[in-house]
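Student: Got a minute to go through this one with me? I'd like to start with the chain contacts.

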Amino acid sequence: MSKNTIQVTVIILVLSFFAFFALSPFFFMLVSSFKPGDQIIKNGISASLDFEIMSFQNYKTLFTERSGIYLHWYKNSVLITTIQTAAAVFLSSLVGYGLAVYEFKGKNIIFILVLVLMMVPIEILILPLYKLSITLGILDSYAGVILPFIVPPVAVFFFRQFAVGLPTELIDAARIDGASEFAIFFKIMMPLMKPAFGAMIILQAMFSWNAFVWPLIVLRSNENFTLPIGLASLITPYGNSYDMLFSGAVISVVPIIILFMFKQNSFISGLTVGGVKG
Amino acid sequence: MQILKNFYEKYINSKKVAPYIFVSPFIIVFLVFYLYPMISTIIMSFQEIGFGDPEFVGLANYKKLFNVHYKNALLTSTNYTFWTILILVPLPIILAVLLNSDKTKFTNFFRSSIFMPALTSVIVAGMFFRYAFGEQASTLANSIIGVFGLEPITWLQNSIPAMIALVVLCVWRWMGVNIIYFLSGLQSIPEEIYEAADIDGASSWDKFKYITIPSLKPVIIYVITISVFGGYKMFAESYAYWQTATPNDIGMTIVSYIYQTGFNNFNMGFASAIGITLLLIVLIVNVIQLNLFGLFKKGEQ
């Protein structure tokens with residue numbers, strides 16, 4: 001064997017090891033989803049397959065257990081993700097565009113604020129935000145989950161970076177033709193920003209679908225839970241419905257994995273924005 | 001109608017006003033959901049908040065910080081941050097270099113596979129690892145250490161194994177993301193530099209040490225910065241493993257402590273004071289990071 005072949009083999013072996021480390025939990029989650037829930041809780045997840053105790057029963061309980069609570073969670077997750085993603089992406093594109101193409105007083109301060117807030121973890125603010133949502137009457141509601149994160153600084157930054165590269169001649173030409181500032185944005189610039197929208201929609205949808213800390217605080221009643229909060233409520237020491245635990249987890253991951261299979265590049269370009277290329 | 005239209009043309013649609021309308025969503029959200037809560041948490045940290053009216057208590061809440069639980073929380077968060085950075089910077093760099101080499105085959109498959117865990121929510125991932133780190137001899141974690149002749153461990157009830165379980169969960173979910181960051185950094189290094197080094201007879205190691213690492217410096221700083229923030233604000237992972245208070249505060253991070261103090265013990269004033277200390281940590285790191293990056297150069301771009 002030449003030196004080159006050995007090198008290639010070693011590289012492939014190393015990468016295979018890490019791919020195995022990354023993928024095997026998915027396999028074991030799938031296997032666990034067919035086993036009786038109390039078995040998992042009692043014995044943990046083991047490497048043995050135990051085909052004789054596996055069945056589709058757990059997937060049936062997703063529809064029946066506690067009058068279909070899992071379907072409620074799923075519906076809440078779908079609706080919250082859709083509304084939040086649409087609103088967040090649209091509003092951030094406005095702000096990012098405004099910061100990129102106009103000169104105005106206070107612009108630099110706002111941009112610095114965006115950069116700083118990108119880094120401030122909301123975990124610090126959960127207590128005052130909780131009190132605020134009681135005051136605003138949005139506790140335990142979709143609005144409560146969505147409103148505080150309706151203009152994510154990361155998305156603003158992303159659109160700003162993208163819009164800086166847009167051709168300003170087009171804007172000037174449209175102004176001479178008498179187009180209003182907003183018509184320029186909606187009719188000319190928005191179509192040009194399509195790739196940025198693609199990447200941000202996917203990234204925001206993933207954040208929103210997986211969001212945990214804030215929904216845990218703001219959602220109070222069982223039927224209003226999103227999937228992560230609902231699943232987390234099953235593992236409490238007083239939890240019941242253990243059969244739903246892994247079947248529910250598997251079904252909750254499926255949409256994101258499908259999205260990833262089709263739109264891999266959007267995931268990656270959305271992620272790499274925060275300062276690496278900026 | 002005509003008046004309205006004139007008003008619109010003259011003010012709203014003017015180049016002076018339009019920019020403010022574009023940025024207004026951010027300003028509103030900033031004032032309502034960032035600035036106001038920030039101020040109110042500062043005020044609450046000086047108050048005793050019970051069932052009656054809040055009472056001003058000066059620095060009493062901050063004095064309470066000198067207790068063993070806060071020390072444990074700070075230690076757990078710091079250890080977690082330290083270990084995740086120690087693993088999640090060098091290892092992804094090496095893997096990114098391997099993925100970027102033209103000798104490597106199936107690059108897309110490897111990159112996508114290693115990225116897949118990032119798609120899961122902390123709860124789903126946490127559930128898996130919680131039961132994989134179960135205490136029985138037959139669990140995945142115990143069977144793996146069994147191969148090396150070690151006795152089964154009660155992972156989540158002892159502080160060092162618990163830290164290992166937390167770090168493994170983090171490494172599983174973030175490895176792929178950090179690889180993507182480093183890959184995008186690697187791809188922006190001009191090929192000519194390596195060619196020039198080849199002509200000078202540089203070895204692979206020399207090229208890695210003198211070209212790759214220095215060129216990746218901005219990405220490394222960026223990844224370390226977000227890892228510090230990610231580390232100190234960690235909560236969901238700990239919640240997935242333990243939910244509530246544990247004996248000896250195993251796995252309790254600063255944010256878990258805020259959560260327990262605020263929402264389980266209803267001591268909002270003290271919880272706010274803990275929050276402020278976390279805010280200070282984050283701000284200090286932020287200032288260091290912005291200086292390293294040269295924020296003001298960026299603003300002019």
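Tutor: Sure. Bear in mind that this is a predicted model. In it, 78 residues of chain A are in contact with 79 residues of chain B.

Student: Which helix gives the largest share of the side of chain A that touches chain B?

Tutor: Helix 1 of chain A, residues 3-32. It supplies 14 residues.

Student: And how do the residues on that side of chain A divide by class?

Tutor: There are 60 nonpolar, 14 polar and 4 charged.

Student: Let's go inside chain A. Is helix 11 largely enclosed or in the open?

Tutor: Helix 11 of chain A is largely enclosed by the rest of the structure, because 12 of its 17 residues are buried. Among them are Met200(A), Ile201(A), Ile202(A) and Leu203(A). Gln204(A), Ser208(A) and Asn210(A) are buried as well, and so is Trp209(A).

Student: What do those buried residues pack against?

Tutor: Helices 4, 8, 13, 14 and 15 of chain A.

Student: How far does helix 11 of chain A reach?

Tutor: Residues 194-210 span 24 Å from first C-alpha to last. That is close to the 24 Å expected at 1.5 Å a residue.

Student: You listed helix 8. How many residues of helix 8 of chain A are buried?

Tutor: 10 of the 12, so helix 8 of chain A is largely enclosed too. The buried ones include Phe157(A), Phe158(A), Phe159(A) and Phe162(A). Arg160(A) is also buried. End to end, helix 8 of chain A reaches 16 Å, close to the 16 Å expected.

Student: At what angle does helix 8 of chain A pack with helix 4 of chain A?

Tutor: About 45°, with the axes 7 Å apart. The two helices are therefore oblique to each other. Helix 4 of chain A passes helix 8 of chain A in a right-handed crossing.

Student: Which residues meet there?

Tutor: From helix 4 of chain A, the set includes Ser92(A), Ser93(A), Gly96(A), Tyr97(A) and Leu99(A). From helix 8 of chain A, it includes Phe158(A), Phe159(A), Arg160(A) and Ala163(A). By class, the contact has 13 nonpolar, 3 polar and 1 charged residues.

Student: Switching to chain B. Where does Ala240(B) lie?

Tutor: In helix 13 of chain B, residues 236-242. Ala240(B) is buried, because 25 other C-beta atoms lie within 10 Å.

Student: What does Ala240(B) touch?

Tutor: Leaving out residues up to four places away in sequence, Ala240(B) touches Ala232(A) from chain A. From chain B, its contacts are Val122(B), Ile123(B), Gly126(B), Met127(B) and Arg130(B). Take Gly126(B): it is 114 residues away along the chain, yet the C-alpha atoms are separated by 5.2 Å.

Student: How many residues of helix 10 of chain B are buried?

Tutor: The number is 0 of 9, so helix 10 of chain B lies largely in the open. Gly201(B) follows that helix, with a positive phi near 80°.

Student: Okay, that's a glycine. Which residues other than glycine have a positive phi?

Tutor: Phe106(B) is one, with phi near 55°. Asn248(B) is another, at about 60°.

Student: Where are they?

Tutor: Both are in loops of chain B. Phe106(B) lies between helix 5 and helix 6 of chain B. Asn248(B) lies between helix 13 and helix 14 of chain B.

Student: Why does Asn248(B) count as partly exposed?

Tutor: Because Asn248(B) has 13 C-beta neighbours inside 10 Å, and buried takes 20 or more while exposed means 12 or fewer. Phe106(B) is partly exposed as well, with 14 other C-beta atoms within 10 Å.

Conventions. Residues are numbered from 1 along each chain as its sequence is written. Chains are lettered from A and ligands numbered from 1 in the order in which they are written. This is a predicted model: local features need pLDDT of at least 70, side-chain atom pairs count only at pLDDT 80 or more; totals for chains, interfaces and linings use all residues. Helices (H or I, at least four residues) and strands (E, at least two) are DSSP runs, numbered from the N terminus. The expected span of a helix is 1.5 Å times one less than its number of residues. Two residues are in contact if their C-beta atoms, placed from the backbone, lie within 7 Å. Ala, Val, Leu, Ile, Met, Phe, Trp, Tyr, Cys and Pro count as nonpolar, Asp, Glu, Lys and Arg as charged, and the others, Gly among them, as polar. Axes are lines fitted to C-alpha atoms, for helices over the stretch in contact, and angles run from 0 to 180 degrees between N-to-C directions. Angles under 35 degrees count as roughly parallel, over 145 as roughly antiparallel, 65 to 115 as roughly perpendicular and the rest as oblique. A crossing is left-handed if the near helix is turned anticlockwise from the far one by less than a right angle, and right-handed if clockwise.
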